[in-house]
Amino acid sequence: MKMRAVVEQIQESLLNHGFFSARGVQTMTTIPAAAEVLSIDQDSMDGMYLTFELAGENYGLEIRHVIEIIGVQPVIWIPDMPEHVIGVLNLRGKVFPIIDVRLRFQMEPRAFDDRTCIIVVNIDGNSVGLVVDKVNEVVDIPASDIEPPPTNGNRKNLYIQGMGRMAQNVTILLNIERLINDEESQVEELETVTA
């Protein structure tokens, strides 16, 4: 099955099941379930990204990390957490941290609205929720259309995996592992720069 057909099938399946509408995500989307229904294996998901918006810019993360997409729900605030960790969520008996990606990127905070979503990702067996302004779609970006991340002086941008070219637009592809595990990433980056 060609990659474009896979992407279209996932999007159609999500739309048909009421997960997407003209306004965006309605309730909850389980990406692995959609892939399972369509008999899509992990290798077929290579080059597939879930795209979303933050402050009017397009971002993407590898679909293989996405567990589900849910509407914003009340979170439980936890003391002594970094500012971008806005609390934890108890979803069907599983408790996991919620990160406001705007705050993570030191952007201005924004009031949540009906398009604000939480993208639940799985990194090394741990679930984390990422609050984004709006979820867009699942897209296929071949490796040949991905440019390396821009550099910031003598440091590479820690959170950017690459810049995906899509027609006349650019989608900032995130390195989700580094976004979640920042402290470890900063140590690795410093070791690389000083070596």
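Is Arg 92 buried or exposed? In this predicted model, Arg 92 is exposed, because its relative accessible area is 57% and anything over 50% counts as exposed.

That makes Arg 92 a good place to begin a walk through the charged pairs. Arg 92 forms a salt bridge with Glu 68, and the closest N and O atoms of the two are 2.6 Å apart. The pair links distant parts of the chain: Arg 92 sits in the loop between β7 (85-91) and β8 (94-100), while Glu 68 belongs to strand β6 (residues 66-71), 24 residues apart. The surroundings of the acidic partner can be read from its accessibility. Glu 68 has 5% relative accessibility, so Glu 68 counts as buried, the cut-off for that class being under 20%. In this pair, then, an exposed arginine meets a buried glutamate. As a general reminder, side chains of opposite charge can pair when their charged atoms come close.

The structure holds eight salt bridges, and another one joins two strands. Arg 165 pairs with Glu 147, with 2.9 Å between the closest N and O atoms. Arg 165 lies in strand β15 (residues 160-166) and Glu 147 in strand β12 (residues 146-147), so this salt bridge ties together parts that are 18 residues apart in sequence. Here both partners fall in the middle class: Arg 165 is partly exposed at 36% relative accessible area, and Glu 147 is partly exposed at 35%.

Some salt bridges also share partners, and these join Arg 102, Arg 110, Asp 113 and Asp 133 into one network. Within this group, Arg 110 forms a salt bridge with Asp 113, the closest N and O atoms being 3.0 Å apart. Arg 110 counts as partly exposed, because its relative accessibility is 31%. Asp 113 is likewise partly exposed, with a relative accessible area of 34%.

From the network, let us turn to the empty space inside the model. Rolling a probe the size of a water molecule over the atoms shows where empty space is left. Which residues line the largest cavity? The lining consists of Leu 54, Asp 100, Arg 102, Arg 110, Ala 111, Phe 112, Thr 116, Val 131, Val 132 and Asp 133. Arg 102, Arg 110 and Asp 133 therefore appear both in this lining and in the salt-bridge network, a link you can trace in the structure above. By class, the lining has five nonpolar, one polar and four charged residues. The space in the largest cavity is about 50 Å³, and the structure holds one cavity of 30 Å³ or more.

Methods. Residues are numbered from 1 along each chain as its sequence is written. This is a predicted model: local features need pLDDT of at least 70, side-chain atom pairs count only at pLDDT 80 or more; totals for chains, interfaces and linings use all residues. Side-chain values use heavy atoms; hydrogens and water are left out. On a 1 Å grid over the protein atoms alone, a cavity is a set of points where a 1.4 Å probe fits but cannot get out, and a pocket is an open set with protein on both sides within 12 Å along at least five of seven lines; lining residues have an atom within 4 Å of a point. Grid points are joined across faces, edges and corners, and a volume is the space filled by probe spheres set on the points. Ala, Val, Leu, Ile, Met, Phe, Trp, Tyr, Cys and Pro count as nonpolar, Asp, Glu, Lys and Arg as charged, and the others, Gly among them, as polar. A salt bridge is a side-chain nitrogen of Lys or Arg within 4 Å of a carboxyl oxygen of Asp or Glu. Helices (H or I, at least four residues) and strands (E, at least two) are DSSP runs, numbered from the N terminus. Buried means under 20% relative accessible area, exposed over 50%, partly exposed in between (1.4 Å probe, protein chains only).
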